[in-house]
Amino acid sequence: MASTGGRTRGAPDNGPRAAVADPHAAAAAEARAGLVRRLTEGGALTDPRWRAAFEAVPRHLFVPCYYEAGEERGGACEASGGAVYTRLWRDDPDPSRRARWLAGTYADAPLATWVRGGELISSSSQPSLMARMLEALEVADGNGVLEIGTGTGYNAALLAHRLGDDRVTTLDLEPELTETARGHLAAAGFRPAVVTGDGARGWPDRAPYDRIIATCAVPSVPAVWLTQCRPGALLLMPLATGLVTLRVADTGHGEGRFLATPAYFVPLRGSAPPPSVSTHGVPPRPLMDDSFRFLLNLVAGRMEPVEALALWEHEDRPGRERYGVTVRGDRQWAWLDDPEGPYGWPLGPPV
């Protein structure tokens, strides 16, 4: 996950390759092999080329520190907006805490990497979710990819390992994030184009792209992303606690379905806040079902919760993969089963 949005600040630039001795290399290699084994056994990694990327790219170089919620005696803590976080980092003088940091970097879990004023600004996503997203991107050799949301730079490194530095552009709003990610990438031996700018505007300087992948949630599909794609390109983005893949027909048209995988990402910075999700009139039991909560998020502000419940029950409790998104010129909408069927909801802030 990463933060994006705001005004474009600069042109693409690349950090130099760095060769720095890594005292954690041996232990990290063993931990990384264990992570890849778990991802493979769990079905998140099926493509041998992506498996090779996860085996080769050292995640710990991209997460030199991260925060766990809650206070720990003797730990370095940060209080933000009433929340307390324990900081784990690679240079902690306590060897047991250094070992705990390293184990956490290779756990199949998201890691909070930047908290500011009580707000989660950036994190390193759960590796199994990253693997599923990368495989769903269906990249081919020679594809050019734009990543919206640089974060730590780890996902960009995986893309660069698979496709080559010159085929990857990664974009983020926060200059501090892009500068830090550039250093992480250099330390790991990668030099994709790292740019600071508005994620909602994409990056036209290196367009057209064959793939665009967003690691921040959007309330609707930014139309400019389609204009920066080649015909036949694929967009993958988090929307309404799901992941939608959109096949681009041309600069004004795209369509695709959601993956079955749940996904919770930091919102695209600068975008309109999502409508509040009401549960008024809904009994507790349906609210425990992830597929119903997904529908509530998808239709928030467009359908009353009790109407959504009636639809969900009538249609046999549909999972995410039965929903899709269509963009046609100035119109875009989400739908169930069929883009021209009886169930469709405009995307974007309700008027």
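## Helix α2

In this predicted model, W50, A53 and F54 are buried (under 20% relative accessible area, 1.4 Å probe, protein chains only) in helix α2, residues 48–56. Helices (H or I, at least four residues) and strands (E, at least two) are DSSP runs numbered from the N terminus. The buried residues of α2 fall within an arc of 95 degrees when seen down the helix axis, so they line one face of the helix; the arc is that of the directions from the axis to the C-beta atoms. An α-helix has 3.6 residues a turn, so residues three or four places apart point the same way.

These buried residues pack (heavy atoms within 4.5 Å) against α1 (25–41), α4 (127–136) and α5 (154–163). At the N-terminal end of α2, D47 acts as a cap, with a side-chain oxygen 2.8 Å from the backbone nitrogen of R49.

## The sheet

An open sheet of mixed pairing is formed by 10 strands in the order β8-β7-β6-β9-β10-β11-β12-β13-β14-β15; strands pair if DSSP finds at least two bridges between them. Because β8 (193–196) and β15 (344–346) stand at the edges with a single partner strand each, one side of each has no neighbour in the sheet.

Strands β6 (residues 145–148) and β7 (residues 168–172) run parallel and are joined by 4 bridges. I148 has L171 in β7 as its bridge partner. Helix α6 (residues 175–188) packs on the sheet, where it touches β7 and β8.

## Basis of the values

Residues are numbered from 1 along each chain as its sequence is written, and side-chain values use heavy atoms, without hydrogens or water. Local features need pLDDT of at least 70 and side-chain atom pairs count only at pLDDT 80 or more, whereas totals for chains, interfaces and linings use all residues.

Technical notes. Axes fitted to C-alpha atoms, helices over the stretch in contact; angles between N-to-C directions. Buried < 20%, exposed > 50% of the residue type's maximum accessible area, 1.4 Å probe, protein only. Polar contact = N/O pair within 3.5 Å; in protein donor to acceptor, adjacent residues only side chain to side chain.
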